[in-house]
Amino acid sequence: MENITLFQFFHWYYSAEGNLWQHARDEANQLAEWGITYVWLPPAYKSFGGTEEPGYAVYDLYDLGEFKQHGSIRTRYGTKEEYLECIQMLHSKGVKVLADIVLNHRLGGDKIERVPARKVNNDNRSEYVSDPVKIEAYTKFTFPARRGKYSNFTWDWHTFTGVCSNNDIYVILNEYSKGKWEEMLETENGNYDYLMGNDVEFRNPYVRKELKKWGSWYTKLTGIDGYRLDALKHISPDFFPEWLDFMKHHFRKDFFCVGEYWQNNVYTLLNYFETTGERVRLFDVPLHYNFYDASQRSDDYDLRQIFDNSLVSEKPEAAITFVDNHDTQPLQALQSTVEYWFKPLANAMILLRDKGIPCVFYPTMYEAKYFDIQDGEEVYVELNSIPAVGVMMKIRKYLAYGLQRDYFNHANIVGWTREGLDEKPFSGCAVLLSNGEEGQEEMSLGSRNAYKTYMDVCGYRTEKVTLDENGTSVFFVNGRSVSVWIDENAEMP
Ligand code: CA
C-alpha cells in the first residue's frame, strides 16, 4: 500500500498575470517525483470579478475560461484548453487531480429582480428583523455570452435562499424556502446557511438536478479523479451524499473526496463525517490550530499535546492533515499562519507518521510574495519555501512505512520511528523534534534494522548513528528544529 499525499497547488494571492494551469503542467514531473498522489487545483470556472478573484465567488460553473464573461475569456488561472492540457500532463506523470467544487453560492448576476424577502439579524439569522418586503437584487443569471451552451438553466430567486443587500442579509420567500434557511448541523450565527453572495437553494429539486448535470458534464470533460468540496458548513448535510452517490453510480468510479468544514471543534467534524455516511474526509482544522498555537508559544508549548483533540487522533480515517492553506495565509479572513520556524516540524508530523493523509501547501515548495491592503495600509508578505519538506515528501513515498513507535516523553522533545517494510527497500526512519533546546532521545527501529547506520537526510545534523542489535540508538536534534534519520544506503530519486 503506497502512502497517499495531497498537494494544494495554489495560494490565495497567486498572480492574475501568471498562468497557474501552465505552471502546474510544467511542474507535473516534479510533483510526481515528490510522490504526490493528488494535486488539488483551485476553482476552474468563471468568477465574479473575472481574473481579479481566486475563484470562490462563482459566476458560471460551465465557463472554464471559454466565454468572454466578467471581463475576460480566461479565468484567473488560464483558459479551458490550458486547464485540460494541465490535467492531461499530470495524468501522464501518474499524478491524479482533485477539482475544487464551489456550490454554496453565486455572485455577479446578470439582471436585477424584485425579490420577496425578509431581513434577518446578522448575528442570529433565524430572527427576522423586517416584515416581508421586495428588494432589488442581482439574482438572475442568464449567462448571455455562453448563450445556453452545455446548459440552458437560468438561475433566479427561486434557486436562491438568501441574498445580501446594503450589507444586510435577507432570507428569500420562495416556494422552497418559505422564508426559512436550510438546516445546518450547528447553530453558529443562529443559522449559518448563508455565507456570501446569492445562497443556493438546495431544496429546489431543479437545482439539485442541474448540479448533478453540471457535475457529470465537468467530470467527464476534465477526467478529474476526485473532489475538494468548499464551504460544507453552509450547505445542508443531506446534499453532498446524494450528489456524490450520483457521480459514483454515473461513472462507476470511487472519487477521492475531501471537504472543507471550517471548525475547530473535533466533535462537530465527527458529527459531519458520520451524518454524511463517512463519504467525505475532512481537513483537520483542530490540528492546524494546534500547530499555530505551538508555533506561537515556542518552548512554552508541551509538544506531547500536539495531537490532542485533532481529527487525526479521534478518527484517523477521516482526516486530511495540513499545516496551512489559502484561508489561513497572512492577510486572509482566517489568518492563522503557522510560524516559519515551526513549519518543518509540523510538516514532519503530517508527512512521516502512520495516520492521516497530508496535504502540503503551495508556498511550502514554491514560496509566495504578495501585497494586500489591511486596515487601509498596504502590507507586503513573503512566505519562504522550505526545501526540507521536498525531502520529507520523498521519504513519505519511499521510506515512511511500517510499525510506528512513539517517544513522546518530554515537553520539548518528541520523536517516533517507523520500522519499515520488507517490500520497501531501505524503508524505515526516525524523526526527532525540538521546540526548545538542542537535545537527544534513545529510540528503536526494531531488530530488523540492527547494526544499520542512519543519517539525518534533512541535513540539519551532520553526525551518523549506528543502531545496536535491537535497532536502537540515541538520535539528536538541533534546537527549534527537526531531524529525519534514514538508512545511509537508502536511495531516492
Ligand atoms: Ca448555504
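Helix H9 (residues 343–351) has nine of its nine residues buried, so the rest of the structure largely encloses it. Buried here means under 20% relative accessible area, exposed means over 50% and partly exposed is in between, with a 1.4 Å probe and protein chains only. Helices (H or I, at least four residues) and strands (E, at least two) are DSSP runs, numbered from the N terminus. The buried residues of H9 include Lys 343, Asn 347 and Met 349. Keep in mind that this is a predicted model, where local features need pLDDT of at least 70, side-chain atom pairs count only at pLDDT 80 or more, and totals for chains, interfaces and linings use all residues. Residues are numbered from 1 along each chain as its sequence is written, and side-chain values use heavy atoms, with hydrogens and water left out.

H9 also takes us to some empty space. A search of the whole structure turns up one cavity of 30 Å³ or more, and the largest cavity holds about 110 Å³. Among the residues lining it are Val 323, Lys 343, Asn 347 and Phe 361. H9 and helix H10 (363–366) are the elements that give two or more residues to that lining. By class, the lining has five nonpolar, five polar and two charged residues. For the classes, Ala, Val, Leu, Ile, Met, Phe, Trp, Tyr, Cys and Pro are nonpolar, Asp, Glu, Lys and Arg are charged, and the others, Gly among them, are polar.

On a 1 Å grid over the protein atoms alone, a cavity is a set of points where a 1.4 Å probe fits but cannot get out, while a pocket is an open set with protein on both sides within 12 Å along at least five of seven lines; lining residues have an atom within 4 Å of a point. Points are joined across faces, edges and corners, and a volume is the space filled by probe spheres set on them.

Now for the largest pocket, with a volume of about 450 Å³. Its lining has 21 residues, and Leu 195, His 234, Glu 260, Asp 327 and Leu 334 lie nearest its centre. Those lining residues split into 11 nonpolar, four polar and six charged. Domain 1 (6–103 + 206–394) and domain 2 (106–204) each supply at least three of them, with domain bounds coming from an automatic or database domain assignment. The protein also has a domain 3 (402–487), and the C-alpha centres of domain 2 and domain 3 lie 55 Å apart.

His 234 turns up again at the calcium ion, where its O is one of the protein donors; the others come from Asn 104, Asp 193 and Asp 199, and the donors lie 2.3 to 2.7 Å from the ion. Donors are N, O and S atoms within 2.8 Å of the metal (3.2 Å for Na, K and Ca), and water is not among the atoms, so sites may look incomplete. The six donor atoms subtend angles of 50 to 166°, which makes the arrangement irregular. Four donors count as tetrahedral if all angles lie between 85 and 135 degrees; four count as square planar and six as octahedral if opposite donors are over 155 degrees apart and all others between 65 and 115; anything else is irregular. Along the chain, the donors follow the spacing N-x88-D-x5-D-x34-H. Asn 104 sits in the loop between strand E5 (96–101) and strand E6 (105–106), and Asp 193 in the loop between strand E11 (168–172) and strand E12 (198–200), so the pair ties together parts 89 residues apart in sequence. Asn 104 and Asp 193 are both buried.
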